[in-house]
Amino acid sequence: MHELSIVMSIIRIAETESAKNNAIKVEEIELEIGDLSGIEITAFDFAWQQAVRSTLLEHSKRKINHIPGEGQCMDCAAVFPMQQLYEPCPVCGEHFVSVQKGKELRVKSLVVN
Ligand SMILES: [Zn+2]
């Protein structure tokens, strides 16, 4: 499952950062997940519940910032909100669109203890 491997890599990041700070647990973790990142939040949540057991993220407060999709037309330079990838430009109908926002998937901050 795609989401599980993402959760595993987030856990690895948290473990590495905590080790650097001699921390034994993560109080809070803040994630940024773009709406165009391909992550299914329900599946992500399920994978999270399973994967964080017995890790230092088990009792962490988790915040998720959703980043809405935004594209820019390569032809007419219009900037517009994107609900999904491969959406054509609403102004000229062109398909050469560069995704400006919404593909983010990162750990924004960690509070360790
Ligand atoms: Zn356009």
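This passage describes a helix pair and a small set of paired strands in a predicted model.

We turn first to the helices. Helix α1 spans residues 2–20 and helix α2 spans residues 41–51. The two pack against each other with their axes 8 Å apart and at an angle of about 50°. An angle that is neither under 35 degrees, nor over 145, nor within 65 to 115 counts as oblique, and α1 and α2 are therefore oblique to each other. The crossing of α1 past α2 is right-handed. On the α1 side, the contact is made by Glu-3, Leu-4, Ile-6, Val-7, Met-8, Ile-10 and Ile-11. Helix α2 contributes Ala-43, Phe-44, Ala-47, Trp-48 and Ala-51. What is the make-up of this contact between α1 and α2 in terms of nonpolar, polar and charged residues? Eleven of its residues are nonpolar and one is charged, while no polar residue takes part.

The strands come next. Three of them form an open sheet in the order β4-β3-β5, and their pairing is antiparallel. Strands β4 (79–82) and β5 (97–101) are the edge strands, each of which pairs on one side only. On average, neighbouring strands of this sheet are turned by 35° against each other, when direction is ignored.

Strand β3, residues 69–73, offers a convenient route through the sheet. Towards β5, β3 is joined by four bridges, and these two strands run antiparallel. Within this pairing, Gly-71 lies opposite Val-99 of β5, and Gln-72 lies opposite Ser-98 of the same strand, β5. Towards β4, β3 again pairs in the antiparallel sense over four bridges. Here Gln-72 faces Val-79 of β4. Gln-72 thus has a partner in each edge strand, with Ser-98 in β5 and Val-79 in β4.

Which two strands form a hairpin, and how many residues lie between them? The hairpin is built from β3 and β4, with five residues between the two strands. Ala-77, located in the turn, has a positive phi of about 70°.

The two faces of β3 can also be told apart. Gly-69, Gly-71 and Cys-73 make up the covered face, whereas Glu-70 and Gln-72 belong to the uncovered one. Read together with the pairing, Gly-71 is on the covered face and stands opposite Val-99; Gln-72 is on the uncovered face and stands opposite Ser-98 in β5.

Notes: Residues are numbered from 1 along each chain as its sequence is written. This is a predicted model: local features need pLDDT of at least 70, side-chain atom pairs count only at pLDDT 80 or more; totals for chains, interfaces and linings use all residues. Side-chain values use heavy atoms; hydrogens and water are left out. Axes are lines fitted to C-alpha atoms, for helices over the stretch in contact, and angles run from 0 to 180 degrees between N-to-C directions. A crossing is left-handed if the near helix is turned anticlockwise from the far one by less than a right angle, and right-handed if clockwise. Contact means heavy atoms within 4.5 Å. Ala, Val, Leu, Ile, Met, Phe, Trp, Tyr, Cys and Pro count as nonpolar, Asp, Glu, Lys and Arg as charged, and the others, Gly among them, as polar. Two strands pair if DSSP finds at least two bridges between them. Buried means under 20% relative accessible area, exposed over 50%, partly exposed in between (1.4 Å probe, protein chains only).
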